[in-house]
Amino acid sequence: MWAWFEDPGQFTRLRSESARRFGADLTARPERYVEGSLPDLPFPDRSFDLVLSSHLLFSYGRQLDEEFHREALLELVRLSRREVRLYPLFQHTDFTRYPWLDRTREFLADCGVPSRVERVEYAFDPGDEEMLVLECADRGDLPRRAGSRDQHDPVRWRHLDR
Ligand SMILES: C[S@@+](CC[C@H](N)C(=O)[O-])C[C@H]1O[C@@H](n2cnc3c(N)ncnc32)[C@H](O)[C@@H]1O
């Protein structure tokens, strides 16, 4: 969609500038970045007020199966004190909404995590103007996944215990 970005040239310039700034910050302050891979992220429960994830879940709905989506979403919920926001809801392969969105939301509701779909002022692809918000503030215990490990570093994250 050439509304947010003006044209391919500006898109490339903005992306290049983002990559440059990321590289500079990574070099200057490597402690701000933590490597991890869903569905197991190396942080304690409720580490962040807000968890954002874009262009992975739902986008790769044809490559990443439903089980992976469920596990990854529960992991993001585990880390959040308030909300998880996910964008986009379209699959990047065919520009259609992730087909299992409703039943994924039902699954999350059964786990005590209400959600809502909200319109956003941005579309990467035509029609792709919605995000999913998962409400985490009042959640109870989440189902624990067989084989999941607590892999957070208790020294690095000890400030959260205070
Ligand atoms: C299309 S890029 C989106 C990058 C960025 N979030 C954005 O919106 O511009 C998908 C990203 O997902 C990352 N990724 C792939 N598998 C992952 C996993 N299991 N856990 C976390 N990130 C993963 C890739 O490394 C890649 O950076």
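In this predicted model, Trp4 has a relative accessible area of 55%, which lies over the 50% cut-off, so the residue is exposed. Its ring partner, Tyr122, reaches a relative accessible area of 21% and is therefore partly exposed, a value that falls between the cut-offs of 20% and 50%.

The structure holds seven aromatic pairs in total. A pair of aromatic rings is described by the distance of the centres and the angle of the planes. For Trp4 and Tyr122, the ring centres are 5.0 Å apart and the planes stand at 90°, so this pair is edge-to-face. The contact also joins distant parts of the chain, with the two positions 118 residues apart in numbering. Trp4 belongs to the segment before helix H1 (8-28), whereas Tyr122 is found in the loop that runs between strand E3 (115-119) and strand E4 (130-135).

A further pair is formed by Phe43 and Phe48, and here too the geometry is worth a look. The centres of these rings are 5.1 Å apart and the planes meet at 80°, which is over 60 degrees, so the pair is edge-to-face. Phe43 counts as buried because its relative accessibility is 12%, under the 20% limit. Phe48, by contrast, is partly exposed, with a relative accessible area of 28%.

Aromatic residues also come together in a group: Trp2, Phe5 and Phe11 make up one aromatic cluster. Finally, a ring takes part in a contact with a charge. The charged end of Arg103 sits over the ring of Trp100, at 4.1 Å from the ring centre.

Notes: Residues numbered from 1 in each chain as written. Predicted model: local features only at pLDDT ≥ 70, side-chain atom pairs only at ≥ 80, totals over all residues. Heavy atoms only, no water. Phe/Tyr/Trp six-rings, centres within 6.5 Å; stacked < 30°, edge-to-face > 60°. Helix = DSSP H or I, 4+ residues; strand = E, 2+ residues; numbered from the N terminus. Buried < 20%, exposed > 50% of the residue type's maximum accessible area, 1.4 Å probe, protein only. Lys NZ or Arg CZ within 6 Å of the ring centre and 35° of its normal.
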